[in-house]
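Please open the model in your viewer and keep the selection panel at hand. The stops below go from one selection to the next, with a short account of what is found at each.

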Amino acid sequence: MTAQQQHFVCVVCPIGCEIDVVHDGNRIISMEGSKCERSEEFVTQELVEPMRILTTTVRIEGARWAVVPVRTDKSVPRRLFPRIMRQLRGITLQAPINMLDVVVSDVLGTGADVIATRTMTRE
Amino acid sequence: MEADVAVIGSGPAGLTAAIHARRSGASRVVLLEREEELGGILKQCIHNGFGLEQFKQDYTGPEYAERLINELQHTDVQCLLNTLVTDLSPDRIITTLSPQHGALQIKARSIVLAMGCRERTRGSIGIPGTRPAGIFAAGVAQRFVNIDGYLPGRQAVILGSGDIGLIMARRLTLEGASVIGVYEIMSYPGGLKRNIVQCLNDFGIPLHLSHTVTDIRGRERVEAVVVSRVDDALNPVPGSQQVIQCDTLLLSVGLIPENELSRKAGIELSPDTGGPLTRETMETSVPGVFACGNVSTVFDLVDYVAQTGEAAGRCAARYAAGDLHQSRQPVDIVAGQNVRLLFPQRYGFQDDLVLFIRAAEPVENPVTVEVKPPGSKITRPYARPNEMLRVKVPMSKLTEIRQPIRVSIREK
């Protein structure tokens, strides 16, 4: 594969470094604009498989509110978002729930757990 | 009821102010919240990216709030929930209404205003057309989805590229709605670049700069909106109209500091920020009344909000203890070249000066932020109107100053 140039905006932190990368599909030949190691890791991963934290909500019964916020406890492949959303739509939790409680463990075999991001008492 | 420090509002600014007022020695701290829970708007901001600077953690809004709430609950700060503040007087008497206490007056030695901000609505930007259901401020839609579990529509157009609009574009898409596009009247985006990437680009949602909504159609429910390109003077270009079928229009067209109470107390407001004119101690023009967070000026990051909350809580405790001296007349801090707004706007010789600066025009090359006097020059890699600059000038450099401090941004 011939060398190609690609432009990335790093989403690791709010600075949002703009990074120009020359790569041949597998290997990075050169990289410009990155201000830290984390953004270099980000671009390297982005070329292989974009990974993101998924944040959403899950239905809950017996709590003050209808839904409880959740997230994956580490990044998961972005392309799996629709499938994870479909799985979470089938779940109804029962209050009480504590922040960091596991809602789904090892979601779709990614090694990431879906965890609650707030505490909701039983009302 | 009497208090040393009374804090109004329990979002990130108010929670942080209450914690730090107590930590700085104020013994009777009371926190007033009109909703049934602490945490303010953080509870509906379920996305991550909070606290990266302050806690070195990538929290979601609810996690960030719960961390602060847990910290607060380890203190003896008294929290009054379901408590609406209806009046505030210049001699620091707060009138509240609540189901538990009825009408209750609180006499406070010092007060911290942390009421946050409100969204601008269709009325504030004057979009013509019919008045059907399906038009929401982006933050209202965010509450419906993230707390009440309702999806506000199936096919959405988003006007304005502020961060809440971008976050909602992703959120609606994840929940199965179709987001047709985000339209921004300015020639540059309103939100953070990382949100353009992870909320729009990641989901193939187009961003149309220099475009606005010029008509809304539909009787009972939104059926379509008309978008038009705008010229350099932001006027719609005739002939550029495009009809877009949709059932929902979200507005992410800016936030306004919420200062009804500040006005009642006679606090001087800044025409630039919409919030109280504030010193580096966060004290307003009314002695003993402090302000922090988005009630002062709309900040980009919760970390900045918390930083002002910490200063306000600390200085309010000092004031309550009679320990904040005002021997010298404060000097004004004024906007110079390429500065749209500044916070704080006065320097009172009590503390280091931490300035938050919003540029008027984007500069994509390295810039020098000049603070004169004392003549400090601070370099930054760029200046963008959607990303506040923060610079610090130590008190030791400022003690000799007599004239106003001018802040400018110049390309290097």
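Before the tour begins, one convention is needed for a helix lying across strands: the axes are lines fitted to C-alpha atoms, for helices over the stretch in contact, and the angles between N-to-C directions run from 0 to 180 degrees. Please also keep in mind that this is a predicted model.

**Stop 1: the helix across the sheet in chain B**

Select residues 163-174 of chain B, which form helix α5, and then add strands β11, β12 (178-183) and β17 of chain B, across which α5 lies. Relative to β12(B), the helix runs at about 165°. Now show the rest of the sheet: it is an open one of five strands, paired in parallel, and reading across it gives the order β10-β17-β11-β12-β13 in chain B. The edges are taken by β10 (135-137) and β13 (207-208) of chain B, each of which has a single partner strand, so that one side of each is left without a neighbour in the sheet.

For a look at one pairing within this sheet, select residues 155-159 (β11) and 248-251 (β17) of chain B, which run parallel and are joined by four bridges. Which residue of β17(B) stands opposite V157(B)? It is L249(B), and labelling both residues makes the register easy to follow.

**Stop 2: one residue of the helix**

Return to helix α5 of chain B and select I167(B), which lies in it. Is I167(B) buried or exposed? It is buried, because 24 other C-beta atoms lie within 10 Å, and the cut-off for that class is 20 or more. Leaving aside residues up to four places away in sequence, I167(B) touches H47(B), N195(B) and C199(B). If you then draw a distance from I167(B) to N201(B), which is 34 residues further apart along the chain, the C-alpha atoms are separated by 12 Å.

**Stop 3: two hairpins in a row**

Move to residues 84-88 (β6) and 93-98 (β7) of chain B, an antiparallel pair joined by four bridges. Within this pair, L88(B) stands opposite I94(B) of β7(B). The hairpin of β6(B) and β7(B) has four residues between the strands, and in it R92(B) takes a positive phi near 65°.

Extending the selection to β8 (residues 102-113) of chain B brings in the next partner, which runs antiparallel to β7(B) and is joined to it by six bridges. Here the hairpin connection from β7(B) to β8(B) is made through three residues, and L97(B) stands opposite A103(B) in β8(B).

**Stop 4: chain B by domains**

Colour chain B by its three domains: domain 1 (1-119 + 254-324), domain 2 (121-253) and domain 3 (330-412). The centres of domain 1 and domain 3 of chain B are separated by 25 Å, taken over C-alpha atoms. Where these two meet, 14 residues of domain 1 of chain B are in contact with 15 residues of domain 3 of chain B, and the domain 1 side consists of four nonpolar, six polar and four charged residues.

With the whole of chain B displayed, the secondary structure comes to eight helices and 27 strands. The radius of gyration of chain B is 22 Å, close to the 22 Å given by the globule rule for 412 residues, so chain B is as compact as a globular protein of that length. Of those 412 residues, 52% count as buried.

**Stop 5: chain A**

Hide chain B and show chain A, which has two helices and 10 strands and is divided into domain 1 (4-48) and domain 2 (55-116). The centres of these two domains of chain A are separated by 30 Å, taken over C-alpha atoms. The radius of gyration of chain A is 18 Å, whereas a compact globule of 123 residues would have one near 14 Å. Along its principal axes the C-alpha trace spans about 60 × 30 × 20 Å, and buried residues make up 27% of chain A.

**Stop 6: where the chains meet**

Finally, show both chains and select the contact region, in which 20 residues of chain B are in contact with 23 residues of chain A. On the chain B side, the elements that give two or more residues are α2 (61-73) and α6 (193-200), and α6(B) gives the most, with four residues. The chain B side as a whole divides into eight nonpolar, six polar and six charged residues.

Note on methods. Residues numbered from 1 in each chain as written. Chains lettered and ligands numbered in written order. Predicted model: local features only at pLDDT ≥ 70, side-chain atom pairs only at ≥ 80, totals over all residues. Domains from an automatic or database assignment. Contact = placed C-beta atoms within 7 Å. Nonpolar A, V, L, I, M, F, W, Y, C, P; charged D, E, K, R; others polar. Rg over C-alpha atoms; globule rule 2.2 N^0.38 Å. Buried ≥ 20, exposed ≤ 12 C-beta atoms within 10 Å, placed from the backbone. Pairing = 2+ DSSP bridges.
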